[in-house]
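User: I am beginning to study protein structure and would like a close look at a single part of this model. Please choose one helix, describe how it sits among its neighbours, and then place it in its wider setting.

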Amino acid sequence: MAEMWISMGPQHPMTHGLWTLKVKVDGETVVDTEPDLGYIHRGVEKICESRDFTQITTYCDRLCYASANTWSHAYIYAAEDLLEVEVPERAEYIRLVAIELQRVASHLMWLGAYGPDIGNLSVMVWCLREREMMMDLLQELGGSRMHYNFPRIGGVKRDLPYGFAQRARAKLKLFLNRIQEYEALFDESTVFLVRSQGVGYAKPEEMVNHGVTGPNLRAGGVNYDIRWAHPYSVYSELDWAPPVERSSIKGADCYDRYRVRVEEMRVSASLVLQALDKMPGGADTYHEPEDPMILAKAPSRAPEGTTGAHHFEDSRGESMFYIAGGGEGRGKQPYRVSIRSPMFITIPYAAKCMIGYKVADIPAIMGSFDPCIGETDR
Amino acid sequence: MGMTVSPDSQKAAAEALVAAASGIDGVDAEVAERSSGTNPRYVVVANASPGSWRTLAEKLYSEHAVDHCSMVTGIHWPEGDAERKWEVVYHLMRTGVRDPPNENGIVRPVIVNPSKARGASMPLELEIHVHLPDSTTPSVDSVQDIWVGADWNEKETWDLVGIDFDGHQGMRRVLQPHETPKGYHPLQKQHHLRYHGFVEMYDDAQGFMRKPADVGKIK
């Protein structure tokens, strides 16, 4: 049969956003792919060049609507490196709580969206139910539902509210029980197993060479994680290990990528519980905003020639900020902000993974890499 | 507790790499300290001349197990020296990731113990600066064939900043529309962010044709 190109997207349920996957098909078989991105490019890097360092946090929140907190923290760590700020330990613990709760919420959003991708509609409602608990907790910290603007250069906006630790412990305990329900819904569904097992194989060395990191990499049977390799926050103080999947000889398939994220939610929940127990001063004490226990003083200007960089383990892989100081207003604004988006690098690789499989496998393979177009297009 | 890599062993690995990389002509490397909140991190920072960059990249990949190209950043310095009007910053990493071994048909996951990571399995960060002289068509050697992860990073750098990569296969617009005029690269400094001619809805909520306070000003 003659080969032909078809466009999946920009409006297609598979895309989880707005982008086009051009697929060359020979009958039902995919022989070539070409992703086409940029539909929601907002020029965040350019906007950041005319904003103060504190104003940029809100833009970074909006890079990814499913995982806002991890993105604003990634920026804040790079800005702290640039401005040479020392963060109070209590603030680091509070940040860890916020980051890991967001990771759980983001993985739940992914799991909820992945169900409909491969014909399991009911799971979406179940996952969003638990995501709501995480978002309630994050709302207590940041004040809003999706874009929290929670971290500050030098600490955090507010301390944990009264009773937060108690509510978080209760909700996470309930959540850890309910993870078993998702596993039952997915692992015992023949439709899910048939569609996710044995498709979209990816090997770790190839993934690293292609720039793919995070849960997608750990699904291939290696435990590489920025949180231990280039430690930030207080991960060195807590007892944890990144979950690793035992992949098949051909590499990680879609099922491995699903498993590793479910396990990662367990690890994140355990990290939050440990952080609440170990927090200096105790999780039940409350400090007013701008108290030196939770917010250190930070300079507002970065002179020319200074740079700040930080690698960060985002929910989707390695995110990164590189900031050059010395912009407008005698260094009040950055000269250049550069953002590494994990999905921008992963989407071309995921598209290559589809070659050789059937057209019907495309949503299963693409969805398993957890695309988020907000951060991809920036 | 040994759950993370210790800064001291990372510093030793960075120093070893610096000693090896400094031998290349046109490369000037040192160990820099960066901080993540309260934790110090030791990073290899190197300046490479445009001519030596490709040699350095090949050497890092083949001899020092630098297996991951994290990010490529292009910067336009219109007010800089004639020798550094453009800058490309490469963030590379050594991840130490290996394919898990297969024993009698069973795959054994590779679990690196962070406190015992040594040699090529010690994670390391590298930051390579390449300064380019004044030119309307700046370009630098592509490393797309060494790290495939650099492929889309380089596409993005050309698309937004206008720095071209010699030897890059399939260069095209990735974030901007395909019909963007030739030579338009928005992150170059001659392009300023500005309000467009339209009045946004929320600027005129009362219907009095009010304009934003800074209308007409270049932001």
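Analyst: Axes are lines fitted to C-alpha atoms, for helices over the stretch in contact, and the angle between two of them runs from 0 to 180 degrees between N-to-C directions. Two packed helices are described by the angle between their axes and the distance between the axes. The model discussed here is a predicted one.

The part chosen is helix α5 of chain A, which covers residues 122–142. α5(A) has 21 residues, and the distance from its first C-alpha to its last is 30 Å, close to the 30 Å expected at 1.5 Å a residue. Just after α5(A) comes A:Gly143, with a positive phi of about 100 degrees.

The partner α6(A) spans residues 164–187. The axes of α5(A) and α6(A) are 10 Å apart and make an angle of about 165 degrees. Angles over 145 degrees count as roughly antiparallel, and α5(A) and α6(A) are therefore roughly antiparallel to each other. The crossing in which α5(A) passes α6(A) is left-handed. On the side of α5(A), the residues that meet α6(A) are A:Val123, A:Trp126, A:Cys127, A:Glu130, A:Met133, A:Leu137 and A:Glu140. Among their partners in α6(A) are A:Phe164, A:Lys171, A:Phe175, A:Arg178, A:Tyr182 and A:Phe186. The residues of this contact between α5(A) and α6(A) divide into 11 nonpolar, no polar and 6 charged.

A second partner is helix α4 of chain A, residues 89–117. Here the angle with α5(A) is about 160 degrees and the axes are 8 Å apart. α4(A) and α5(A) are therefore also roughly antiparallel to each other. α4(A) passes α5(A) in a left-handed crossing. In α4(A), the residues in this contact include A:Ala98, A:Leu101, A:Ala105, A:Leu108, A:Gly112 and A:Pro116. In α5(A), they include A:Val123, A:Met124, A:Leu128, A:Arg131, A:Met134, A:Met135, A:Leu138 and A:Leu141. The contact of α4(A) with α5(A) is made up of 18 nonpolar, 3 polar and 2 charged residues.

Some residues of α5(A) serve in both contacts. A:Val123, A:Cys127, A:Glu130 and A:Leu137 meet α6(A), and these residues also take part in the contact with α4(A).

The next matter is burial. The buried residues of α5(A) include A:Val123, A:Cys127, A:Glu130, A:Arg131, A:Met133, A:Leu137, A:Leu141 and A:Gly142. A:Glu130 and A:Arg131 are charged residues, yet they are among the buried ones. What covers the buried residues of α5(A) includes α3, α4 and α6 of chain A.

Of these covering elements, α3(A) deserves a word of its own. Helix α3 of chain A comprises 16 residues, 68–83, which should span 22 Å at 1.5 Å a residue; its end C-alpha atoms are 23 Å apart, which agrees. α3(A) is mostly covered, since 16 of its 16 residues are buried. After α3(A) comes A:Glu84, whose phi is positive, near 55 degrees.

Further along chain A, the loop between α5 and β4 (151–152) holds A:Asn149. The phi of A:Asn149 is near 50 degrees, a positive value in a residue other than glycine. With 19 C-beta neighbours inside 10 Å, A:Asn149 counts as partly exposed, because a residue is buried at 20 or more such neighbours. A:Glu290, in the loop between α11 (254–278) and β6 (307–314) of chain A, has a positive phi near 70 degrees. A:Glu290 is partly exposed, with 13 other C-beta atoms within 10 Å.

Finally, chain A has a partner chain. In the contact between the chains, 57 residues of chain A meet 49 residues of chain B. The side of chain A that touches chain B divides into 25 nonpolar, 17 polar and 15 charged residues. Chain B has 3 helices and 9 strands, and 39% of its 219 residues are buried. One residue of chain B that meets chain A is B:Trp147, which is in contact with A:Asn209. B:Trp147 lies in the loop between β8 (139–141) and α3 (150–161) of chain B. With 25 C-beta neighbours inside 10 Å, B:Trp147 counts as buried. Within chain B, B:Trp147 is in contact with B:His68 and B:Cys69.

Methods:
Residues numbered from 1 in each chain as written. Chains lettered and ligands numbered in written order. Predicted model: local features only at pLDDT ≥ 70, side-chain atom pairs only at ≥ 80, totals over all residues. Helix = DSSP H or I, 4+ residues; strand = E, 2+ residues; numbered from the N terminus. Parallel < 35°, antiparallel > 145°, perpendicular 65-115°, else oblique. Left-handed = near helix turned anticlockwise from the far one by under 90°. Contact = placed C-beta atoms within 7 Å. Expected span 1.5 Å × (residues − 1). Buried ≥ 20, exposed ≤ 12 C-beta atoms within 10 Å, placed from the backbone. Lists of a residue's contacts leave out its neighbours within four places in sequence.
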